[in-house]
Amino acid sequence: MTRKHYLLYFTFLAMTLAGCSKSDDSTVTPTDNNAELLIRKWTFSDLTVKTDAKSYVIPQTQGNMISVVSDDNAITFNKEGSFSYLSDSKPVMGKWTLINKTLVLINADNVTSNWSVNALTKTDLELASINVDLTKGKDLTDRKVYTEEENSVGAVSLIFLASLGKQNGGTIDLTKEPQPKSIQLILKGKGQ
């Protein structure tokens, strides 16, 4: 599998499975006053990997943004609490709710992920994954220390960060960058 395929696979995995906790609630409804602002189609074009020391914008020119959120980088949030996106040219449905500043997504496999809503207007949406503490365990696969969500977000974030390295065709000498102690994904989208 090529580096591009790994990036696409892990990004899609993080976006749809980041929560990795089963939901017992089969009814999800928008509850926040700002939920009306979310109801529309959103196209995501900006991805940032944020560490404790620095933020790294992942350029689209590297081809990494082809499938960050979906085939066309778009998600549609519907009024009745459902969302949809394309995966492998097929529509995928899920449920959503917005409580305070947390967007809860439940995918078709009933897996929940939670995203902080950093900004929400009719035209702009900024979502943040959980912040993963990279210092609390030996590696992200240690299930005694890291949750499934931490593993997914941490792994995808580190892969995107590595894609910026000169040894991987990027422009940054990562050996001269600060070693991250924490890591997070930030997505920015435009409403249509």
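Leaving aside its neighbours within four places in sequence, which residues is Phe-77 in contact with? Select Phe-77 and look around: the partners are Leu-38, Ile-39, Arg-40, Trp-42, Ser-82, Phe-83, Trp-96, Leu-103 and Leu-105, where contact means heavy atoms within 4.5 Å.

**Before going further**

This is a predicted model, in which local features need pLDDT of at least 70 and side-chain atom pairs count only at pLDDT 80 or more, while totals for chains, interfaces and linings use all residues. Residues are numbered from 1 along each chain as its sequence is written, and side-chain values use heavy atoms, with hydrogens and water left out.

Now colour the chain by pLDDT, the predictor's confidence in each residue, from 0 to 100. The average for the chain is 81, and 77% of the residues score at least 70. Two stretches stay under 50: residues 1–29, with 74 contacts beyond four places in sequence in the model, and residues 62–66, with 23 such contacts.

**The whole chain**

Switch to a cartoon view. You will find three helices and eleven strands; helices (H or I, at least four residues) and strands (E, at least two) are DSSP runs, numbered from the N terminus. The order from the N terminus is α-β-α-β-β-β-β-β-β-β-β-β-α-β. Of the 192 residues, 45% are buried, which means under 20% relative accessible area, with exposed over 50% and partly exposed in between (1.4 Å probe, protein chains only). Among contacts between residues at least 6 apart in sequence, 62% join residues at least 24 apart.

**The aromatic cluster**

Return to Phe-77 and add Phe-83, Tyr-85 and Trp-96: these four form one aromatic cluster. Across the whole structure there are three aromatic pairs. Rings of Phe, Tyr and Trp (its six-membered ring) pair if their centres lie within 6.5 Å; planes under 30 degrees apart count as stacked, over 60 as edge-to-face and the rest as tilted.

Phe-77 and Phe-83 make a tilted pair, because their ring planes stand at 45°, with the centres 6.1 Å apart. Both residues are buried. Phe-77 and Trp-96 are edge-to-face, because their planes meet at 80°, with 5.7 Å between the centres. This pair links distant parts of the chain: Phe-77 sits in strand β4 (residues 74–77) and Trp-96 in strand β6, 19 residues apart.

Next, show the largest nonpolar core, a set of buried Ala, Val, Leu, Ile, Met, Phe, Trp, Tyr and Cys residues joined through side-chain atoms within 4.5 Å. Of its 34 residues, Leu-38, Phe-77, Trp-96, Leu-103 and Leu-125 touch the most other members.

**Strand β7 and its two hairpins**

From Leu-103, select strand β7 (residues 102–106), where four of the five residues are buried. Two strands pair if DSSP finds at least two bridges between them. Strand β6 (residues 90–99) runs antiparallel to β7 and is joined to it by five bridges; Leu-98 has Leu-103 as its bridge partner. The two strands form a hairpin with two residues between them, and Asn-100 in the turn has a positive phi of about 55°.

Strand β8 (residues 111–120) also pairs with β7 in the antiparallel sense, over five bridges. Here the partner of Ile-106 is Thr-112. Four residues separate the strands of this hairpin, where Asn-110 takes a positive phi near 65°.

**Last stop: Asp-173**

Finally, select Asp-173 in the loop between α3 (148–163) and β11 (182–191). Asp-173 counts as partly exposed because its relative accessibility is 27%. Its side chain makes a polar contact with the side chain of Thr-175 (2.5 Å); a polar contact is a pair of N or O atoms within 3.5 Å, and within protein, one must be able to donate a hydrogen and the other to accept it, while residues adjacent in sequence count only if both atoms are side-chain atoms.
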